[in-house]
Amino acid sequence: MSVFSGTPGQQEAAEHLQNALRTGHISHAYILCGEKGSGRMELARDFAQTLLCENRVERNGVLLPCGKCHSCLQAQTFNHPDLIPVVHQKKNDADRGALSVDEIRALRSDVSILPYSGEYKIYILKDAESMTVQAQNALLKVLEEPPSYAILFLLADGISGFLPTVLSRCITLRLHPADRNVLADYLVRVKGIGERAALQLAGLSHGNPGRAAELCSGEGTGEILRETIAFLKNLPASTSVEISSFAGHVSDKKENHTEDVLDFAGSWYRDILVMKRTQDPERLIFTEELQYISSTAQTQTLQALAAVLDALDTAALRRSAGGNDMQILEMCFLSIRTALTSGYNR
């Protein structure tokens with residue numbers, strides 16, 4: 001769904017680009033800064049499609065592509081000759097995925113060629129923060145003297161990896177997590193799911209529309225969520241063999257769900273901590289488990305719950321360092337079991 005048509009959480013960035021379309025004051029370079037799934041690719045594509053559209057329309061003050069012309073049909077599938085994704089081509093498994101100076105030089109060479117069918121050529125650089133220093137310096141030559149028809153979208157998780165000279169020549173638009181209720185309403189309207197399920201998925205996705213859509217549509221993800229909650233409810237009484245079995249089950253799946261399980265566990269124990277501190281069920285993600293969460297919040301100490309969250313943070317750090325998923329999960333849940341079984345209020 002088009003960000004211009006209401007994908008939640010990015011109204012500020014969408015309004016900025018809408019104003020550029022209305023006034024014609026379009027920058028030659030934008031940095032769309034936000035986590036994967038925040039809508040940055042969709043926002044860049046929708047802006048490009050609107051700009052390239054042959055029969056642009058206006059609805060309630062919002063400029064939209066017609067969605068029917070030849071240009072729109074090409075742009076929707078990234079087959080438009082004047083809409084160019086720039087993605088690093090990995091050479092081997094050890095390749096860390098940074099856009100190289102040669103790839104930016106190829107972009108720079110292409111920029112010198114006039115648009116094929118419209119007034120603009122639009123480049124979308126995926127994972128732009130991964131550019132090497134040499135690549136960024138090569139890009140500067142485009143940013144300093146861009147042809148009037150060239151527009152660059154740099155998609156990035158953050159801006160810390162960019163050279164100050166690159167940042168100064170781009171407009172940075174920050175993408176923010178969507179409000180939980182707004183995202184839940186979006187899931188009800190667009191995905192057709194119930195309100196309670198939508199609120200839970202909006203909470204589990206931490207306001208990330210892409211993540212929410214993935215959780216909503218992924219049958220395997222829904223199954224692993226149910227399995228994880230059942231496992232966590234029984235964790236204090238689980239044996240080491242049962243913990244090892246669950247860790248192996250999660251990490252051995254064809255689609256590895258280790259990251260999902262750690263994320264779900266984090267949300268689960270944060271619910272218990274929130275309940276202990278606030279006694280407010282309206283702030284919970286897992287509202288259908290209110291009885292268990294309330295009971296656990298009463299019996300566990302704050303120190304024990306803090307130790308649980310520390311164990312989950314440690315597991316995430318070990319994953320980022322390239323550790324073995326089964327061992328990471330096993331060690332994490334053994335630590336959580338120890339914290340929970342020693343953390344009862346006396």
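Helices (H or I, at least four residues) and strands (E, at least two) are DSSP runs, numbered from the N terminus. The views below all come from a predicted model.

**View 1. Asp127 sits in a loop with a positive phi.** Asp127 is placed between strand S5 (121–125) and helix H5 (133–144), in the loop that links them. Its phi is positive, about 50°, although Asp127 is not a glycine. Is Asp127 buried, partly exposed or exposed? Its relative accessible area is 21%, so Asp127 counts as partly exposed. The cut-off for buried is under 20%.

**View 2. Phe78 is another loop residue with a positive phi.** Phe78 is not a glycine either, yet its phi is about 60°. The loop that holds Phe78 runs between helix H3 (70–76) and strand S4 (83–86). Relative accessibility is 25% for Phe78, which makes this residue partly exposed.

**View 3. The largest pocket.** Its volume is about 700 Å³. The lining has 23 residues, and the closest to the pocket centre are His206, Arg211, Glu259, Asp260 and Asp263. Helix H9 (209–217), helix H12 (258–278) and helix H14 (302–320) are the elements that give two or more residues to this lining. Which element gives the most? H12 does, with seven residues. By class, the lining residues of the largest pocket are 12 charged, eight polar and three nonpolar.

**View 4. The largest nonpolar core.** This core holds 49 residues. Leu232, Tyr269, Leu312, Phe333 and Ile336 have the most contacts inside it. H12 is again the main contributor, giving nine residues to this core. A second core lies apart from the largest one; it has 28 residues, including Tyr123, Ala135, Leu140 and Leu163. As background, nonpolar side chains in soluble globular proteins tend to be buried together.

**View 5. Contacts of Leu312.** Which residues does Leu312 touch, leaving out those up to four places away in sequence? They are Leu262, Ala265, Gly266, Tyr269, Cys332 and Ile336. Two of these partners, Tyr269 and Ile336, are also listed with Leu312 among the residues with the most contacts inside the largest nonpolar core.

**View 6. Helix H11, end to end.** H11 covers residues 240–251, 12 residues in total. How far apart should its ends be? At 1.5 Å a residue, the expected span is 16 Å, because the rule multiplies by one less than the number of residues. The end C-alpha atoms of H11 are 17 Å apart, which agrees. The buried residues of H11 are Ile243, Ser244, Phe246, Ala247, Gly248, Val250 and Ser251. In general, an α-helix has 3.6 residues a turn, so residues three or four places apart point the same way.

**View 7. Thr341 and Phe162.** Thr341 belongs to helix H15 (residues 325–341). Its relative accessible area of 38% makes Thr341 partly exposed. From Thr341 to Phe162 the C-alpha to C-alpha distance is 47 Å, with their positions 179 residues apart in sequence.

**View 8. The whole chain, for context.** The protein has 15 helices and seven strands. Its C-alpha trace spans about 75 × 45 × 35 Å along the principal axes. Of the 346 residues, 48% are buried. How many of the contacts between residues at least 6 apart in sequence join residues at least 24 apart? The share is 70%.

Definitions and conventions: Residues are numbered from 1 along each chain as its sequence is written. This is a predicted model: local features need pLDDT of at least 70, side-chain atom pairs count only at pLDDT 80 or more; totals for chains, interfaces and linings use all residues. Side-chain values use heavy atoms; hydrogens and water are left out. On a 1 Å grid over the protein atoms alone, a cavity is a set of points where a 1.4 Å probe fits but cannot get out, and a pocket is an open set with protein on both sides within 12 Å along at least five of seven lines; lining residues have an atom within 4 Å of a point. Grid points are joined across faces, edges and corners, and a volume is the space filled by probe spheres set on the points. Ala, Val, Leu, Ile, Met, Phe, Trp, Tyr, Cys and Pro count as nonpolar, Asp, Glu, Lys and Arg as charged, and the others, Gly among them, as polar. Buried means under 20% relative accessible area, exposed over 50%, partly exposed in between (1.4 Å probe, protein chains only). A nonpolar core is a set of buried Ala, Val, Leu, Ile, Met, Phe, Trp, Tyr and Cys residues joined through side-chain atoms within 4.5 Å. Contact means heavy atoms within 4.5 Å.
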